Amino acid sequence: MSERDGIRHVLREYFESNPDARIAAAVSLYADEAITLGTAARLAGVDRFEMRDILREEGVELRIGPEDMADARSEIDTARDVD
């Protein structure tokens, strides 16, 4: 296992046992414009609509639509991963 894989494994286990931390991390990263709404939802373990509501409750301004083609592709990839 590589160092990067090890870090992901530890974070995954931490977030699985601390769902509030997952949501807090997703809100923070979205607020910092580091991730998209779809990615924030996936990180938080909720659907996009619930994530939108969480962000509004936290007073985070929603960014509507992708900023560029890379964001558009990321949104498409995230939508494809939804079961």
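Visitor: What makes the meeting of the Arg80 and Asp77 side chains a salt bridge?

Guide: A salt bridge needs a side-chain nitrogen of Lys or Arg within 4 Å of a carboxyl oxygen of Asp or Glu. For Arg80 and Asp77 the N to O value is 3.9 Å, so the pair fits the definition. This is a predicted model, where local features need pLDDT of at least 70, side-chain atom pairs count only at pLDDT 80 or more, and totals for chains, interfaces and linings use all residues. Residues are numbered from 1 along each chain as its sequence is written, and side-chain values use heavy atoms, with hydrogens and water left out.

Visitor: Why is Arg80 called exposed?

Guide: Exposed means over 50% relative accessible area, buried under 20%, and partly exposed in between (1.4 Å probe, protein chains only). Arg80 has 64%, so Arg80 counts as exposed. Asp77 has 41% and is therefore partly exposed.

Visitor: How many residues apart are Arg80 and Asp77 in helix H5?

Guide: They are three residues apart in H5 (residues 69–81), which means a separation of about one helical turn. Helices are DSSP runs (H or I, at least four residues), numbered from the N terminus.

Visitor: Why is H1 called roughly perpendicular to H2?

Guide: The axes of H1 (residues 3–17) and H2 (residues 19–31) cross at roughly 115° and come within 5 Å. Axes are lines fitted to C-alpha atoms over the stretch in contact, and angles run from 0 to 180 degrees between N-to-C directions. Roughly perpendicular covers 65 to 115 degrees, with under 35 roughly parallel, over 145 roughly antiparallel and the rest oblique, so H1 is roughly perpendicular to H2.

Notes: Helices (H or I, at least four residues) and strands (E, at least two) are DSSP runs, numbered from the N terminus.
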